[in-house]
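Here is a short walk through one protein model. Keep the structure open and follow along, stop by stop.

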Amino acid sequence: RPRVLSGIQPTAGSFHLGNYLGAVRQWVALQDTHDAFYMVVDLHAITIPQDPAALRSNTRLAVAQLLAAGLDPERCTLFVQSHVPEHAQLAWVMNCLTGFGEAGRMTQFKDKSAKQGSDSTTVGLFTYPVLQVADILLYQADQVPVGGDQRQHVELTRDLAERFNGRFGHTFTVPAPYILKETAKILDLQDPAVKMSKSASTPKGLVNLLDDPKATAKKVKSAVTDTETVIRYDPEAKPGVSNLLTIMSVLTGTSVADLEKSYEGKMYGALKTDLAEVMVDFATPFKDRTQEYLDDPETLDSILAKGAEKARAVAAETLAQTYAKVGFLPAK
Ligand code: TYM
């Protein structure tokens, strides 16, 4: 079985629709065909300041949401990044292989650091992508299921894997991104020129899965479209409507072509009303299941303990090989 690895940050509390459609939904599907490793990346979270109590509870909340979305600890390895110390250890080695300029060219770093002053931008944020490289290489992942915004980080991973292998002999699998074209970039409902993200300029454009369903329905109904009236998939000319069609298509399992047919001659309002209902029907049981997992912290802890144990077995092996290749004296 090919191996997949991916991660999600716990910082936002609720996952948003972009996280789910762009990544987590694929994680669930890949459990049956791949040897799957999924984690909540708390080490990445502290690259920007976090309140310790909030970080702890958001980490649990992220795990509960992943289980509610359909991750099954019997079919995948689900763990928290800081429970596996090898991530930080391999990241150090990778830091020493990464060019300063190379790291400086990472667009997510450039975007995030541009919004802060240089003294509130941490060195951790700068090396964030290198930690991600270590995450992926530790598990010898063949594929990395993510949204389109993570493509550059997977490219860096490939470059560093090849660089290490070239310098020290074959050690790491060179991973490929696993990005589904349709859902690679779910757009902000108020500003379909940008991706949906937790740092959206207005909360009205961001659909959080754990939001009150009524609020979600309202956001969908007030989504920005265009001045035409035809319900047609055309991401260039009609990004707003196309985004709604994509979301509807994935959540209902209906092709976009079939949706276009069924909405022929109908107004945007019809699509929005139906999508609002579909969203609420999806989010309501998701929210309930998340709460059930949160209400049972013992089960959650035991899932994470088993996950960390499985993950460490793989990670420790890769780290030991790496240390040997680099020339570290073995500890006796
Ligand atoms: P994070 O937590 O920002 O996002 C989690 C996943 O959601 C995807 N995503 C989207 N997909 C489509 N449309 C959107 N609007 C949208 N917004 C977010 C992201 O692409 C991501 O797949 N750096 C990663 C976490 C990470 C990681 C890893 C991923 C750490 N280590 C190793 C893969 C492998 C991140 O910040 O994801």
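Start at Pro175. Leaving aside neighbours within four places in sequence, Pro175 is in contact with Ile136, Leu137, Ala141, Asp142, Val144, Val154, Thr157 and Arg158. Keep in mind that this is a predicted model. Pro175 sits in the loop between α9 (151-168) and β5 (176-178). Is Pro175 buried or exposed? Pro175 is buried, because its relative accessible area is 0% and buried means under 20%. Now look across to Ala141. Ala141 and Pro175 are 34 residues apart along the chain, yet their C-alpha atoms are separated by 5.8 Å.

Two of the contacts of Pro175, Ile136 and Leu137, lead to the next stop. Both are listed among the buried residues of helix α8. This helix covers residues 128-138. How many residues of α8 are buried? The count is 11 of the 11, so α8 is largely enclosed by the rest of the structure. The list begins with Tyr128, Pro129, Val130 and Leu131. It continues with Gln132, Val133, Ala134 and Asp135. Ile136, Leu137 and Leu138 complete it.

Step past the end of the helix. Just after α8 comes Gln140, with a positive phi of about 50 degrees. Most residues other than glycine have a negative phi. Gln140 is not a glycine, but its phi is positive all the same. Gln140 lies in the loop between α8 and β4 (143-145). Gln140 counts as buried because its relative accessibility is 19%, and the cut-off for buried is under 20%.

Go back into α8 and stop at Asp135. UniProt, in an unreviewed entry, places the feature "binding site" at Asp135. Asp135 is found in helix α8. Its relative accessibility is 2%, so Asp135 counts as buried. Which residues does Asp135 touch, not counting those up to four places away in sequence? They are Leu5, Met39, Val41, His44, Gln81 and His87. With Gln81 there is also a polar contact: the two side chains are joined at 3.0 Å.

Now bring in the ligand. How many residues surround the ligand? There are 28, and the closest are Gln9, Tyr128, Asp135, Asp149 and Ile186. Two of these closest residues, Tyr128 and Asp135, also appear in the list of buried residues of α8.

What are the polar distances to the ligand? Asp135 has an N or O atom in its side chain 2.6 Å from a nitrogen atom of the ligand. Gln132 has a side-chain N or O atom 2.9 Å from a nitrogen atom of the ligand. Asn19 places a polar side-chain atom 3.2 Å from an oxygen atom of the ligand. Taken alone, the ligand exposes 720 Å². The protein buries 95% of that area.

Which elements give two or more residues to the shell around the ligand? They are β1 (3-8), α1 (17-30) and α8. By residue type, the shell divides into 12 nonpolar, 12 polar and four charged residues.

One of those elements, β1, is the next stop. Ser6 lies in this strand. Ser6 counts as buried because its relative accessibility is 2%. Setting aside neighbours within four places in sequence, Ser6 is in contact with Trp27, Phe37, Tyr38, Met39, Pro145 and Val146. Met39 also features in the contacts of Asp135.

Two more of the partners of Ser6, Phe37 and Tyr38, lead on to Thr77. Thr77 touches both of them, along with Ala36, Gly307, Lys310 and Ala311, not counting residues up to four places away in sequence. Thr77 lies in strand β3 (residues 77-80). Thr77 is buried, with a relative accessible area of 4%.

Finish at Lys266, in the loop between α12 (256-262) and α13 (268-294). Is Lys266 buried or partly exposed? Lys266 is partly exposed, because its relative accessible area is 40%, and that class runs between the 20% and 50% limits. Lys266 touches Thr229 and Ile231, not counting residues up to four places away in sequence. Val230 is 36 residues from Lys266 in sequence, and the C-alpha to C-alpha distance is 7.7 Å.

Technical notes. Residues are numbered from 1 along each chain as its sequence is written. This is a predicted model: local features need pLDDT of at least 70, side-chain atom pairs count only at pLDDT 80 or more; totals for chains, interfaces and linings use all residues. Side-chain values use heavy atoms; hydrogens and water are left out. UniProt positions are given in the numbering used here, feature names are shortened, and annotations may be inferred rather than shown by experiment. Helices (H or I, at least four residues) and strands (E, at least two) are DSSP runs, numbered from the N terminus. Buried means under 20% relative accessible area, exposed over 50%, partly exposed in between (1.4 Å probe, protein chains only). Contact means heavy atoms within 4.5 Å. A polar contact is a pair of N or O atoms within 3.5 Å; within protein, one must be able to donate a hydrogen and the other to accept it, and residues adjacent in sequence count only if both atoms are side-chain atoms. A residue is near a molecule or strand if one of its heavy atoms lies within 4 Å of it. Accessible areas come from the Shrake-Rupley method with a 1.4 Å probe; for residues, only the protein chains shown count as cover. Ala, Val, Leu, Ile, Met, Phe, Trp, Tyr, Cys and Pro count as nonpolar, Asp, Glu, Lys and Arg as charged, and the others, Gly among them, as polar.
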